[in-house]
Amino acid sequence: MHELALVEEILGACQTAAASHRVQRVTAVHLTVGELAACPDALRFAWEACRGRFRLLETARLEIQEVPARWACPHCGGDYGEPLARCPQCGTGTPRLQEGLELRVDYLEGDDREGGRRGTIAGTQPCPSSGGSGGGSG
């Protein structure tokens, strides 16, 4: 179950980001998860099993935006939702995967150390094992 290792990396990255932004308690973590990257139910299960080991995230809920896999033909631009050997519109081989491998932390919600103000940390980072791209901390 690679989702357990992914969740441990996500929790560690979120703990580091929260601490660097002086967040006292993370209340939610928002992820984007591609259909081919990980199983959302397994991520939720691993989240519940692991979050207690990360002090700033002990009670944080996990919000997942799922992205379905999409392929496109490099020749005609045809777009479809399943892997095919040939484009059904023009017959060209090797369609390219367009979406479905994303796995990134979009943002965190939490309380800061000065009076319990609520805020977010946007664009934290892609998950280390996903190979995806993303923004820096902010």
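A residue is called buried when its relative accessible area is under 20%, exposed when that area is over 50%, and partly exposed in between. Glu109 shows how this works: with a relative accessibility of 21%, Glu109 counts as partly exposed. The structure described here is a predicted model, and the passage below moves from its overall layout to its cores, its surface and its charged pairs.

The chain holds 2 helices and 7 strands. Read from the N terminus, these elements follow the order α-β-α-β-β-β-β-β-β. The chain has 138 residues, of which 41% are buried. Among contacts with a separation of 6 or more, 62% join residues that lie 24 or more positions apart. Toward the outside, the chain exposes about 7,500 Å², and carbon and sulfur atoms supply 48% of this area.

A good place to begin is helix α1, which covers residues 2–20. At 1.5 Å a residue, its 19 residues should span 27 Å, and the C-alpha atoms at its two ends are indeed 27 Å apart, so the expected and modelled values agree. Several residues of α1 are buried, including Leu6, Val7, Ile10, Leu11 and Cys14. The buried residues of this helix also include Glu3, along with Ala13, Ala17 and Ala18. After the helix comes Arg22, which has a positive phi, near 60°.

Which residues touch the most other members of the largest nonpolar core? Among its 28 residues, they are Val26, Val29, Trp47, Leu57 and Leu108. At least two residues of this core come from each of α1, β1 (23–34), α2 (40–50), β2 (61–67) and β6 (103–112). Helix α1 gives the largest share, with 7 residues. Leu57 offers a closer view of the surroundings: leaving aside neighbours within four places in sequence, Leu57 is in contact with Leu11, Cys14, Gln15, Val26, Val29, Trp47 and Arg51. Two of these partners, Leu11 and Cys14, are buried residues of α1. A second core, separate from the first, has 5 residues, among them Ala69, Trp71, Tyr80 and Cys87.

Attention now turns to the surface. Leu36, Leu97 and Leu101 form a nonpolar patch there, with about 240 Å² of accessible area together. Of these residues, Leu36 is found in the loop between β1 and α2. Its relative accessible area is 43%, so Leu36 is partly exposed.

Charged side chains add another layer to the picture. Side chains of opposite charge can pair when their charged atoms come close. In this model the count comes to 8 salt bridges. One of them joins Glu63 to Arg61, with the closest N and O atoms 2.8 Å apart. Both partners are partly exposed, since Glu63 has a relative accessibility of 31% and Arg61 has a relative accessible area of 38%. This pair belongs to a network of salt bridges that links Arg61, Glu63 and Glu109. Glu109, the residue used as the opening example, sits in strand β6. Its C-alpha atom is 8.6 Å from that of Arg25, although the two residues are 84 apart in sequence.

Two further salt bridges can be described in the same way. Asp79 and Arg70 meet through their side chains, at 2.8 Å from N to O. Asp79 is partly exposed, with a relative accessible area of 46%, and Arg70 also counts as partly exposed, at 24% relative accessibility. Asp106 pairs with Arg104, their closest N and O atoms being 3.0 Å apart. Arg104 counts as partly exposed because its relative accessibility is 29%.

A last stop is Arg86, in the loop between β4 (79–80) and β5 (96–99). Is Arg86 buried or exposed? Its relative accessibility is 53%, so Arg86 counts as exposed. Leaving aside neighbours within four places in sequence, Arg86 is in contact with Gly91, Thr92 and Gly93. Arg86 and Cys73 are 13 residues apart in sequence, and their C-alpha atoms are 8.5 Å apart in space.

Methods
Residues numbered from 1 in each chain as written. Predicted model: local features only at pLDDT ≥ 70, side-chain atom pairs only at ≥ 80, totals over all residues. Heavy atoms only, no water. Helix = DSSP H or I, 4+ residues; strand = E, 2+ residues; numbered from the N terminus. Expected span 1.5 Å × (residues − 1). Buried < 20%, exposed > 50% of the residue type's maximum accessible area, 1.4 Å probe, protein only. Core = buried A, V, L, I, M, F, W, Y, C linked by side-chain atoms within 4.5 Å. Contact = heavy atoms within 4.5 Å. Patch = residues over 30% accessible without salt bridge, like charges linked within 9 Å, V, L, I, M, F, W, Y side chains within 5 Å. Areas by Shrake-Rupley, 256 points an atom, 1.4 Å probe, with all protein chains shown as cover. Salt bridge = Lys/Arg side-chain N within 4 Å of Asp/Glu carboxyl O.
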